[in-house]
Amino acid sequence: ERMLYLRNLVTGLHNHLTRKMFVLAEMQDVIRVEPRQFNTNMQRQISNVINKKLANKVVHNVGLFITYYDLLHVGDSFILPGDGSSHTRVKFRAVIFRPFTDEIILGKIRSCSQEGVYVSLGFFDDILIPADSLQYPSRFDQQEQVWVWQYQSEDGTHDLFMDTDEEIRFRVVDEIFTDIIPRSEPPLSSKPQSPKHQALPGLNENGKKELISPYKIRGTVSEPGLGLVSWWT
């Protein structure tokens, strides 16, 4: 179901790529194809293996791998001793999620904390709008656990709440890639990571265990026209 979702996401790909948060990236890898798959179409097998291996994973300093796009080059295949599978070096293009700095993106508020507003795009959740990048003046409502823009007009101050699931328009100001240091012991679960939980078990700079996201985006709404869509419609 996840692969179907990702493929629907990039339906009409040429149109999607005009939105610069999706880009085409050239990549290369060695693809292993098992003997039972030798009679099937080679290009289809390559695309299946690549998607299974990389889809919905962050490639360091590249971005979030969405899906295989096309094949550029297929090298010679070889079989290793004791392994009947074929190993082929291939060069291909992939659809990558990586918005550029200053790009305006539309998402939905996932949650709020004193740190700021967390935004989701549906397929990517590691987006934070820090407290100092919200509309000024804003305050955090401890009871409601939401940020409130204290909009000032001629007839007084109006509280505009930034509620969960509201559509929000923000500008990208920074991206942060983190090379995850693997844990010394096996993970608690062998299930693949969900796109809504990109954080992986690893070690922080102090050597302590914590969940670390391999790719984060920072945004701002402290400009006219940014923030909740309902504010400006």
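Which residue in S3 stands opposite valine 58? I looked this up first. Leucine 64 does. I kept in mind that this is a predicted model.

**Entry: strands S2, S3 and S4**

I went on to the strands around that pair. S2 covers residues 58-59 and S3 covers residues 63-78. I find two bridges between them, in the antiparallel sense. Three residues sit between the strands of this hairpin. I checked the backbone there, and asparagine 61 has a positive phi near 65 degrees.

Next I followed S3 to its pairing with S4, residues 86-97. How many bridges join S3 to S4? I count ten, and the two strands run antiparallel. For one register point I took valine 74, whose bridge partner in S4 is valine 90.

**Entry: salt bridges**

I searched the whole structure and got nine salt bridges. I wrote up three pairs and one network.

I began with lysine 53 and aspartate 29. Their side chains meet at 2.6 Å, N to O. Lysine 53 belongs to helix H3 (residues 42-54) and aspartate 29 to strand S1 (residues 22-33), so the salt bridge ties together parts 24 residues apart in sequence. Is each partner buried or exposed? Lysine 53 is partly exposed, at 42% relative accessible area. Aspartate 29 is buried, at 17%.

I then turned to aspartate 70 and arginine 93. The closest N and O atoms of this salt bridge are 2.6 Å apart. Aspartate 70 lies in S3 and arginine 93 in S4, 23 residues apart, and the pair links distant parts of the chain. I had already noted ten bridges between S3 and S4, and here a side-chain pair joins residues of these two strands. Arginine 93 counts as partly exposed, with 26% relative accessibility.

The third pair is arginine 171 with aspartate 102. I read 2.5 Å, N to O, for this salt bridge. Arginine 171 is in strand S11 (residues 167-177), while aspartate 102 is in the loop between S4 and strand S5 (104-113), so parts 69 residues apart in sequence are tied together. Aspartate 102 is partly exposed, at 44% relative accessible area.

I also looked for shared partners. Arg32, Glu34 and Asp83 are joined into one network by salt bridges.

**Entry: histidine 87**

Asp83 of that network led me to histidine 87, since the two side chains make a polar contact at 3.0 Å. Histidine 87 lies in strand S4. Is histidine 87 buried or exposed? I find it buried, at 9% relative accessible area. I listed its contacts, leaving aside neighbours within four places in sequence. They are Val30, Ile31, Arg32, Asp76, Ser77, Phe78 and Leu80. Arg32 is on this list and is also a member of the salt-bridge network.

**Entry: aromatic pairs**

I counted eleven aromatic pairs. The one I looked at is tryptophan 149 with tryptophan 231, a tilted pair. The centres are 4.9 Å apart, and the planes make an angle of 50 degrees. Where do the two tryptophans lie? Tryptophan 149 is in strand S9 (residues 146-153), and tryptophan 231 is in the segment after strand S15 (227-228). They are 82 residues apart, and the pair links distant parts of the chain. Tryptophan 149 counts as buried at 8% relative accessibility. Tryptophan 231 is buried too, at 18%.

I also traced a cluster linked by ring pairs. Its members are Phe22, Phe97, Phe123, Phe124, Phe177 and Tyr215.

**Entry: threonine 220**

I closed with threonine 220, in strand S14 (residues 215-220). Its relative accessible area is 4%, and it is buried. What does the side chain of threonine 220 reach at 3.2 Å? I find the backbone oxygen of serine 133. The side chains of threonine 220 and serine 222 are joined by a polar contact of 3.0 Å. Setting aside neighbours within four places in sequence, I list contacts of threonine 220 with Ile129, Ser133, Phe170, Arg171, Val173 and Leu226. Arg171 in this list is the partner of aspartate 102 in the salt bridge noted above.

Terms used
Residues are numbered from 1 along each chain as its sequence is written. This is a predicted model: local features need pLDDT of at least 70, side-chain atom pairs count only at pLDDT 80 or more; totals for chains, interfaces and linings use all residues. Side-chain values use heavy atoms; hydrogens and water are left out. Two strands pair if DSSP finds at least two bridges between them. Helices (H or I, at least four residues) and strands (E, at least two) are DSSP runs, numbered from the N terminus. A salt bridge is a side-chain nitrogen of Lys or Arg within 4 Å of a carboxyl oxygen of Asp or Glu. Buried means under 20% relative accessible area, exposed over 50%, partly exposed in between (1.4 Å probe, protein chains only). A polar contact is a pair of N or O atoms within 3.5 Å; within protein, one must be able to donate a hydrogen and the other to accept it, and residues adjacent in sequence count only if both atoms are side-chain atoms. Contact means heavy atoms within 4.5 Å. Rings of Phe, Tyr and Trp (its six-membered ring) pair if their centres lie within 6.5 Å; planes under 30 degrees apart count as stacked, over 60 as edge-to-face and the rest as tilted.
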